[in-house]
Amino acid sequence: MTAALETRDLIKRYVNVVAADGVSLAVEPGQVYGLLGPNGAGKSTVIRCCLGYLRPTSGSTLIRVTGSPSLGNDVRNPRLRCRVGYLPGDLRLEPRMTGRQITAFHVSLRKAYGAPVGEVDVDRLAARLDLDLSRRFATLSKGNRQKVGVLLALLGQPDLLVLDEPTTGLDPLVQDVVLDLIREHRARGAAILLSTHILAEAEAIADRVGVLSRGRLVTDRAVSDLMATARQHLVVTLRTSPHDGDLRTVPGVVSASRVAEAETDGAETLSITVEGSARALFDRLVPFGIERIRSEQTELDEVFHASVEEGAA
Amino acid sequence: MSALIVLRQMLLERWRSILAWTVSIAVLMLVMLVFYPSIRDSGADFDAWIQSLPESARQTFGLAEASMTSPIGYLISQVYSNIYPLVVIIMTFSLAGWAIAGCEADGTLETTLSAPLRRWVLAVARFIGIALAGLAVIAISTGVLALSAPFFDLDVGLPGWGFWAAGLTMWGLVMVYTAVVFAVGAATGHRTWALAAGSALAVIGFLGQVFASLAEPLEFLQTISPWYWFLGNDPLTQSPGWVSLALPVTLALVVAGAGVVVFERRDLAV
């Protein structure tokens, strides 16, 4: 399948730092590619090189719209750009403009190149996001500002979506709406590059993930593969207590220890770290009477370290 | 089409500021006219005091050629040699600093360029917007001058189109330095550098035409100073010509164009 977005050996070097160091990745139509990395890993640099804001020091980037070869590969070509939606990581818009005035500007530019988009699409998206477009940007909360950015990125049913930290500042309900919108775009064949530093978000939405660390792509694989080796931190409350030592012999269990929590009726709470599947652990715990399981978020650092170690091995 | 959309959006975003400047400058021009009768009535005493000033001071304040108590002398020395172009330059500088470099620094440029819009179209449209804003502010304040002048006997000896000719050539002067601010901002992304470059060149140009009239070896400065292209042509009585209008406008276009070319090719500081 032809990639909608591709980088080959992309290097972006500044005077004192290499922000992207030989990054090669491909996002295919109908795929969500999660670009993971902590702040400063080079995610935004890679994105900005792909979208023509920055010139690569070496290597190449390519954007292609499937079925429209006449649009070429020049990402600054407005006709091609009509098919690309972009949400910057640090969204800034003219503070005195209302959401309606801002969206009208973007709609007009798209219409000037014949893109099938209008106020109806704006209203439909605003309704999905529960966004009031009559208010000035400066008066909007951080979450509502982000909604304006998401709306602009989704205008005109783009074939390629590039979203830099799209759920930043959004409440959980709206985060779900945004992830649903992304899934809908994927379902109609759009290619989506989504940068995030939240592993759970990548797990929830991405088909493939790339992990950036200090400008280098240390991992590029299916999200299911990544999660199969990622560590899970579980806090399990049991009716009766097993011996810690017994649990450490269970395949996948890295550590297990008791947690001082307010227990009732003699229940015991354990903190357990598992690498990969937790199936064997649950099989072992069932006889002890599982009362409650809480899963703590896996820190992205752990995935990075695992990826780096794996790459070095 | 895209350029028109950018222009319309620029007007939407900036109209409050442009309107405030327009009203302020028009009121300032009216105030300048109000002072004229009292200075004229001082008559010979005032001119004698002017003549007692050092030559350099008279040149600096545009008092060398004509009597300050005559309508043309007053308008040239008190309005067109300094305060009028200065306030218009401040307004157009603020727009030129905002157009690319300011938007790049505040982060709005990245989102604007996420729309289907070529960089050069955005830059050219905004430069046209600045030029039109400058022209509109000058036109309105010139209208105030032209309509009010008869009430203060400031129209004596002036052709009917005198104020309009002076306004048009002053626009040429303003656009030269505004283009420098715009171009440096577009080429570097640094608003401070842009404003510093434009301001420095405007001051150097102004002082250059003053020094040129004080010392013969410095006369060449007149030929390269846009201030002399404007003031040396008797702007209130001579119709705009190649040197007073075509030359500064052409120079402004070349400078702004150079900025757009670099802007099209460089990394954005986003």
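Is Leu19(B) buried, partly exposed or exposed, and what is the relative accessible area of Leu19(B)? The legends below take up this residue, then move through a predicted model of two chains, A and B.

**View 1. A nonpolar patch lies on the surface of chain B.** Leu19(B) is partly exposed, because its relative accessible area is 46% and the partly exposed class runs between 20% and 50%. The residue belongs to helix α1 of chain B, which covers residues 2-52. Leu19(B) is one member of a surface patch. Its partners there are Leu11(B), Trp15(B), Val23(B), Val27(B), Val31(B) and Phe35(B). Together the patch residues offer about 660 Å² of accessible area.

**View 2. Chain B is built from helices.** It has 11 helices and 0 strands. Along the sequence the pattern reads α-α-α-α-α-α-α-α-α-α-α. The radius of gyration is 20 Å, close to the 18 Å that the globule rule gives for 270 residues, so chain B is as compact as a globular protein of that length. The C-alpha trace spans about 65 × 45 × 30 Å along its principal axes. Of the 270 residues, 52% are buried.

**View 3. Tyrosine rings pair in both chains.** Over all chains, the structure holds 6 aromatic pairs. One of them joins Tyr53(A) and Tyr86(A) in a tilted arrangement, 5.7 Å centre to centre with 45° between the planes. The pair links distant parts of the chain, 33 residues apart. Tyr53(A) sits in the loop between α1 (43-50) and β4 (58-63) of chain A, and Tyr86(A) in strand β5 (residues 84-87). Both tyrosines, Tyr53(A) and Tyr86(A), are buried. In chain B, Tyr36(B) and Tyr74(B) also form a tilted pair, at 5.0 Å centre to centre and 50° between the planes. Here helix α1 supplies Tyr36(B) and helix α3 (residues 71-80) supplies Tyr74(B), 38 residues apart. Tyr36(B) and Tyr74(B) are buried.

**View 4. Further rings form a cluster or carry an arginine over the face.** Ring pairs connect Tyr80(B), Tyr84(B) and Phe230(B) into a cluster. In chain A, Arg145(A) lies over the face of Phe137(A), 5.2 Å from the ring centre. In chain B, Arg119(B) lies over the face of Phe263(B), at 5.8 Å from the ring centre.

**View 5. A salt bridge crosses between the chains.** Side chains of opposite charge can pair when their charged atoms come close. Arg76(A) and Glu264(B) meet in this way, at 3.4 Å from N to O. Arg76(A) comes from the loop between β4 and α2 (78-81) of chain A, and Glu264(B) from helix α11 (residues 242-265) of chain B. Arg76(A) counts as buried because its relative accessibility is 17%, under the 20% cut-off. Glu264(B) is buried too, at 18%. Elsewhere, Lys12(A), Arg55(A) and Asp267(B) are linked in a network of salt bridges.

**View 6. Two salt bridges lie within chain A.** Over all chains the count comes to 21 salt bridges. Among them, Asp90(A) and Arg92(A) meet at 3.2 Å, N to O. Asp90(A) is partly exposed at 43% relative accessibility, and Arg92(A) is partly exposed at 38%. Asp123(A) and Arg100(A) meet at 2.9 Å, N to O. Asp123(A) lies in helix α4 (residues 119-129) and Arg100(A) in helix α3 (residues 99-112), so the pair ties together parts that are 23 residues apart in sequence. Asp123(A) is partly exposed, with a relative accessible area of 38%. Arg100(A) is partly exposed, with 33%.

Conventions: Residues are numbered from 1 along each chain as its sequence is written. Chains are lettered from A and ligands numbered from 1 in the order in which they are written. This is a predicted model: local features need pLDDT of at least 70, side-chain atom pairs count only at pLDDT 80 or more; totals for chains, interfaces and linings use all residues. Side-chain values use heavy atoms; hydrogens and water are left out. Patches are made of residues with over 30% relative accessible area and no salt bridge: like charges are joined within 9 Å, nonpolar side chains (Val, Leu, Ile, Met, Phe, Trp, Tyr) within 5 Å. Accessible areas come from the Shrake-Rupley method with a 1.4 Å probe; for residues, only the protein chains shown count as cover. A salt bridge is a side-chain nitrogen of Lys or Arg within 4 Å of a carboxyl oxygen of Asp or Glu. Helices (H or I, at least four residues) and strands (E, at least two) are DSSP runs, numbered from the N terminus. Buried means under 20% relative accessible area, exposed over 50%, partly exposed in between (1.4 Å probe, protein chains only). Rings of Phe, Tyr and Trp (its six-membered ring) pair if their centres lie within 6.5 Å; planes under 30 degrees apart count as stacked, over 60 as edge-to-face and the rest as tilted. A charge sits over a ring if NZ of Lys or CZ of Arg is within 6 Å of the ring centre and within 35 degrees of the ring normal. The radius of gyration is taken over C-alpha atoms; the globule rule is 2.2 Å times the number of residues to the power 0.38.
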